[in-house]
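Work through the exercises below with the sequence and the coordinates at hand. Each task is followed by a solution in steps.

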Amino acid sequence: MNLKKMPSSNAQDRPISIWFQKIENGELKLPRFQRHQAWDRKRIASLLDTVVQNLPLGVTLLLNVDKEQFISRYLVTAPQTGARVTEHLLDGQQRLTALWRALHNNYKNETFFIYLCDYDDSVNEEDDVYDDYTVFFQSRWIDKKERLRPLWVDNPAETLTRGFIPMNLFKPGDIAEEYENWVQQAMLPQKPVNSEQDYEELLMAWMNSKQKLLNIIRDVRETISHFNLPYLALPSATSKDTALQVFINMNTNSKPLSQYDIIRAEIEGVKGISLDDYQTELDEKYPNIQYYFELPFLIMATSALIQDKLPNQRGMWDMEKDIMIANWDSMADGLAKMAIFLESQGIYDKKRLPTNAVLAVVAALYTHIPESLDARGQAEILLKKYLWSSFFTDRYENSAASHAYNDFIALKNIINKVVKENDDEFTENDVPVLNRDKYPLSTLEELVQVAWPKRENIRARGIMAVFNKLGAIDFADGSQINRQQLIESKRHYHHVFPDDILKKAEVESYLALNCSLITDKTNLNISNKEPYTYLRERYDWTSEDIVNSRLKSHLIPIDELKNGGYESLTPENKKNKIATDFDAFINKRGQYVVEAITQLTLGNDISANDIINKVESLENNN
């Protein structure tokens, strides 16, 4: 058996001056899949310190280039020469970009310096001083007069009196005129005038001081110019797959590469396109998608399902990347329709989403749903059944990806009217999450125990989703819940039956059925007030009808909330009555939610009045 011979790499030395020449000439570029610069100013200063002190620095990784295998880009602020590229920088972007930008002084908000304590006018003999050259940075900003502050940074004389020399004077290259002119301006205020006594002696001392400063700058320039930044070079014959694998293994970013980064890199190599550009265009065209989950995950998971692959890491690896790009417009349209559909169901953002497992399923199914009104309407009823069943069964508590995949395949078969081997069409009973024998809906007994919805709990968030679907009118201003209120954090998780009362009665108050999302108001002194009285006093309602209307939109049972009469009771009786009243309140609200779940999982639209009237009618008939 013949084994394929893998290309070898050679460790080589290269001074910063040569690195800069290649950047200036446009010979060295970055593969597009590289992340953009992420280092902060402290890390940049630390790197510069390492170079100035001539301490060792880790190797970089290059891919020699005959013909570019990857779409490439220039280092930030590097000249875009259009010259033939001879090298791709696979690892070392952060270091080289930091060196390039700091030594060219083109960071917008920082300027970097070397500090020399001998030139700092504020240093006293008894002060502790830095023995070595030390790198410092100064933040920059634009003032109201459009001036770049602080002004002293651009004044050589004032800069030197602080002991600072700008890093741009140390960049490799023939810039003698630049740094000599800076020294002349920096030293000019100290130059003696010919009217002074001992003028010639003072002038000679001044010239010696100026020469000393020039020598310091030249010495540091020599150190930086000849500083060795070694590299490993992969031959140009290295395959794309091998280059990517080496890149992944050697990547030195503090943040590990995500699966999206790696798949993006594969697509760069396979298709020669920028997935970043595709994603940016998708985000700009359909901005509401981002509210539900991270866009890279949604893109990958939906693309995997479209290819009948699992919406997880395994499926994302297995899917064909060229087919993913070919399906891009359809996938993007599916995600956009998914966002519209979820909003129509009262689910506005990631924090209120019971489970993210449904997102890719809904988006991928939309790529199969016809545009004709009747067919789309029928399919969206199916989606409603699927969505709400996902929230109120145990289907996605575990193995969410594989369960989402199997549900997707079955739902897709129904939408596409696929026929089984026995010539029967697929039905809802073939969809595991819709099969009530396998996955029964949550019961009242379960719902009354569900904890506070601010935590990541499918059922708790599902309960809140029911209220949001009904419009959840705010107690104070009468507005219906919407995404903007949630984005601006105007709605808060609020105890309907006051927490203070329940706490004193030693009753657990943090239950989903005791929660409503409403705007925050300053708490008044609750004491032992009855819940309904407390709410009526806390919010500026104008009539009993308004009170009831707003409460009902959250499926809050009015009569059970009006229970009270605690003031005249003994402590023990008060405690027992509060517990009894709260239990009645939770159970009645739970009955409302159970009925809402029943209707939603049948694909029906709901209204608060219909739900409440149905429950009350059944109770009266019994």
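**Charges over rings**

In this predicted model, Arg-14 lies over the face of Trp-19, 4.5 Å from the ring centre.

**Exercise 1.** Find the ring over which the charged end of Lys-350 sits, and give the distance to its centre.

Solution. The ring belongs to Phe-293, and the charged end of Lys-350 is 4.7 Å from the centre.

**Exercise 2.** Classify the ring pair of Tyr-278 and Trp-328, and place both residues in the chain.

Solution. A pair of aromatic rings is described by the distance of the centres and the angle of the planes.
- Step 1. The structure holds 19 aromatic pairs. In the pair of Tyr-278 and Trp-328 the centres are 5.1 Å apart and the planes stand at 80 degrees, so the geometry is edge-to-face, for which the angle must be over 60 degrees.
- Step 2. Tyr-278 belongs to helix α9 (residues 275–285) and Trp-328 to helix α13 (residues 328–344); the two are 50 residues apart, and the pair links distant parts of the chain.
- Step 3. Tyr-278 is partly exposed at 26% relative accessible area, whereas Trp-328 is buried at 5%.

**Exercise 3.** Repeat the analysis for Phe-497 and Phe-585.

Solution.
- Step 1. The centres of Phe-497 and Phe-585 are 5.8 Å apart with 50 degrees between the planes, and the pair is tilted.
- Step 2. Phe-497 is in the loop between β12 (491–495) and α20 (499–504), while Phe-585 is in helix α24 (residues 571–600); the pair therefore ties together parts 88 residues apart in sequence.
- Step 3. Phe-497 is buried, with a relative accessible area of 0%. Phe-585 is also buried, at 0%.

**Exercise 4.** Describe the length, surroundings and ends of helix α18 (residues 458–469).

Solution.
- Step 1. At 1.5 Å a residue, the 12 residues of α18 should span 16 Å, and the end C-alpha atoms are 16 Å apart, which agrees.
- Step 2. Of the 12 residues of α18, 12 are buried, so the helix is largely enclosed by the rest of the structure. Among them are Ile-458, Met-464 and Phe-467.
- Step 3. The buried residues of α18 pack against α13, α15 (373–391), α17 (444–447), β13 (515–519) and α24.
- Step 4. At the N-terminal end, Asn-457 caps α18 through a side-chain oxygen 3.0 Å from the backbone nitrogen of Arg-459. The helix is followed by Gly-471, which has a positive phi near 105 degrees.

**Exercise 5.** Which residue forms a salt bridge with Arg-459, and which network do Glu-371 and Lys-337 belong to?

Solution. Side chains of opposite charge can pair when their charged atoms come close.
- Step 1. A search of the whole structure finds 35 salt bridges. One of them joins Glu-371 and Lys-337 at 2.2 Å, N to O. Glu-371 is in the loop between α14 (357–366) and α15, and Lys-337 is in helix α13, 34 residues apart.
- Step 2. Lys-337 is buried, with a relative accessible area of 10%. Glu-371 also meets Arg-376 in a salt bridge of 3.4 Å, N to O.
- Step 3. Arg-459 forms a salt bridge with Glu-446, with the closest N and O atoms 2.9 Å apart. Arg-459 lies in α18 and Glu-446 in α17, so the pair ties together parts 13 residues apart in sequence.
- Step 4. Arg-459 is buried at 3% relative accessible area, whereas Glu-446 is partly exposed at 29%.
- Step 5. Salt bridges with shared partners join Asp-333, Lys-337, Glu-371, Arg-376 and Glu-380 into one network.

Note on methods. Residues are numbered from 1 along each chain as its sequence is written. This is a predicted model: local features need pLDDT of at least 70, side-chain atom pairs count only at pLDDT 80 or more; totals for chains, interfaces and linings use all residues. Side-chain values use heavy atoms; hydrogens and water are left out. Rings of Phe, Tyr and Trp (its six-membered ring) pair if their centres lie within 6.5 Å; planes under 30 degrees apart count as stacked, over 60 as edge-to-face and the rest as tilted. Helices (H or I, at least four residues) and strands (E, at least two) are DSSP runs, numbered from the N terminus. Buried means under 20% relative accessible area, exposed over 50%, partly exposed in between (1.4 Å probe, protein chains only). A charge sits over a ring if NZ of Lys or CZ of Arg is within 6 Å of the ring centre and within 35 degrees of the ring normal. The expected span of a helix is 1.5 Å times one less than its number of residues. Contact means heavy atoms within 4.5 Å. A polar contact is a pair of N or O atoms within 3.5 Å; within protein, one must be able to donate a hydrogen and the other to accept it, and residues adjacent in sequence count only if both atoms are side-chain atoms. A salt bridge is a side-chain nitrogen of Lys or Arg within 4 Å of a carboxyl oxygen of Asp or Glu.
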